[in-house]
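The following exercises practise the reading of a protein model. Each one consists of a task and a solution in steps.

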Amino acid sequence: MPACRCQFCAAPLEPVQEFRYLVETATDDPVHLNRIRALPHAAGRPLRVCKGCQAAIRVHPERFRRALLRPDVPTRVLAAGLLSLGCFFVTLVGEL
Ligand SMILES: [Zn+2]
């Protein structure tokens with residue numbers, strides 16, 4: 001089973017943080033979720049954070065809010081995808 005990693009620093013989560021994340025992710029009842037919520041959250045979803053990042057979020061919430069706004073897909077991956085798509089269409093049009 002792959003280790004659950006912090007979405008900010010990529011460190012393996014402490015067992016208690018991983019347990020909290022799994023429980024909060026699996027809880028559908030919003031009233032119950034509000035009672036048990038221990039992790040920071042964004043758009044109603046718990047953040048997968050290690051203890052260090054959770055403490056840093058409490059101190060500098062704006063820094064992490066900006067990190068959440070960044071797209072998950074790196075620019076290089078997007079460029080490679082667009083380049084591959086372009087090569088596909090050039091090949092397709094060239095065969096017609
Ligand atoms: Zn972290």
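A nonpolar core is a set of buried Ala, Val, Leu, Ile, Met, Phe, Trp, Tyr and Cys residues joined through C-beta atoms within 7 Å. The model used in these exercises is predicted.

**Exercise 1. The core**

Task: State which residues make up the largest nonpolar core, and list the contacts of Cys50 beyond its sequence neighbours.

Solution.
Step 1. The largest nonpolar core has 6 residues in all: Cys6, Leu13, Tyr21, Val49, Cys50 and Cys53.
Step 2. When neighbours within four places in sequence are left aside, Cys50 is in contact with Cys6, Cys9, Ala11, Leu13, Glu14 and Gln17.
Step 3. Cys6 and Leu13 are among these partners of Cys50, and both Cys6 and Leu13 belong to the core.

**Exercise 2. The chain as a whole**

Task: Describe the order of helices and strands along the sequence of the protein chain, and state what percentage of its residues count as buried.

Solution.
Step 1. The protein chain contains 5 helices and 2 strands.
Step 2. Along the sequence, they follow the pattern α-α-β-β-α-α-α.
Step 3. The chain has 96 residues, of which 10% count as buried.
Step 4. Consider the contacts between residues at least 6 apart in sequence: 45% of them join residues at least 24 apart.

**Exercise 3. The length and faces of helix H1**

Task: Compare the span of H1 with its expected value, and determine which residues of H1 are buried and which are exposed on the other side.

Solution.
Step 1. H1 has 12 residues, so at 1.5 Å a residue it should span 16 Å. The C-alpha atoms at its ends are 16 Å apart, which agrees with that expectation.
Step 2. The buried residues in H1 are Gln17, Arg20 and Tyr21. Seen down the axis of H1, the buried residues fall within an arc of 100°, so they line one face of the helix.
Step 3. On the other side of H1, Pro15, Val16 and Ala26 are exposed.
Step 4. The cover over the buried residues of H1 includes E2 and helix H3 (51–59).

**Exercise 4. Three residues of H1**

Task: Classify Arg20, Glu18 and Phe19 as buried, partly exposed or exposed, and describe their surroundings.

Solution.
Step 1. A residue is buried if 20 or more other C-beta atoms lie within 10 Å of its own, exposed if 12 or fewer, and partly exposed in between.
Step 2. Arg20 is found in helix H1. Because 20 other C-beta atoms lie within 10 Å, Arg20 is buried. Apart from neighbours within four places in sequence, Arg20 is in contact with Ala38 and Leu39. Arg20 and Val49 are 29 residues apart along the chain, and their C-alpha atoms are separated by 10.0 Å.
Step 3. Glu18 also has its place in helix H1. With 17 C-beta neighbours inside 10 Å, Glu18 is partly exposed. Not counting residues up to four places away in sequence, Glu18 touches Cys4 and Leu13. The C-alpha atoms of Glu18 and Arg5 are 8.5 Å apart, although these residues are 13 residues apart in sequence.
Step 4. Phe19 is found in helix H1. Since 13 other C-beta atoms lie within 10 Å, Phe19 is partly exposed. A separation of 10.0 Å divides the C-alpha atoms of Phe19 and Cys4, which are 15 residues apart along the chain.

**Exercise 5. Positive phi values**

Task: Locate Ala10 and Ala43, give the phi of Ala10 and of Ala43, and decide whether Ala10 and Ala43 are buried or exposed.

Solution.
Step 1. Ala10 is found in the segment before helix H1 (15–26). The phi of Ala10 is near 65°, a positive value in a residue other than glycine. With 8 C-beta neighbours inside 10 Å, Ala10 counts as exposed.
Step 2. Ala43 lies in the loop between strand E1 (41–42) and strand E2 (45–46). The phi of Ala43 is near 55°, again a positive value in a residue other than glycine. Ala43 has 5 C-beta neighbours inside 10 Å and therefore counts as exposed.

Methods
Residues are numbered from 1 along each chain as its sequence is written. This is a predicted model: local features need pLDDT of at least 70, side-chain atom pairs count only at pLDDT 80 or more; totals for chains, interfaces and linings use all residues. Helices (H or I, at least four residues) and strands (E, at least two) are DSSP runs, numbered from the N terminus. Two residues are in contact if their C-beta atoms, placed from the backbone, lie within 7 Å. The expected span of a helix is 1.5 Å times one less than its number of residues. The arc is that of the directions from the helix axis to the C-beta atoms.
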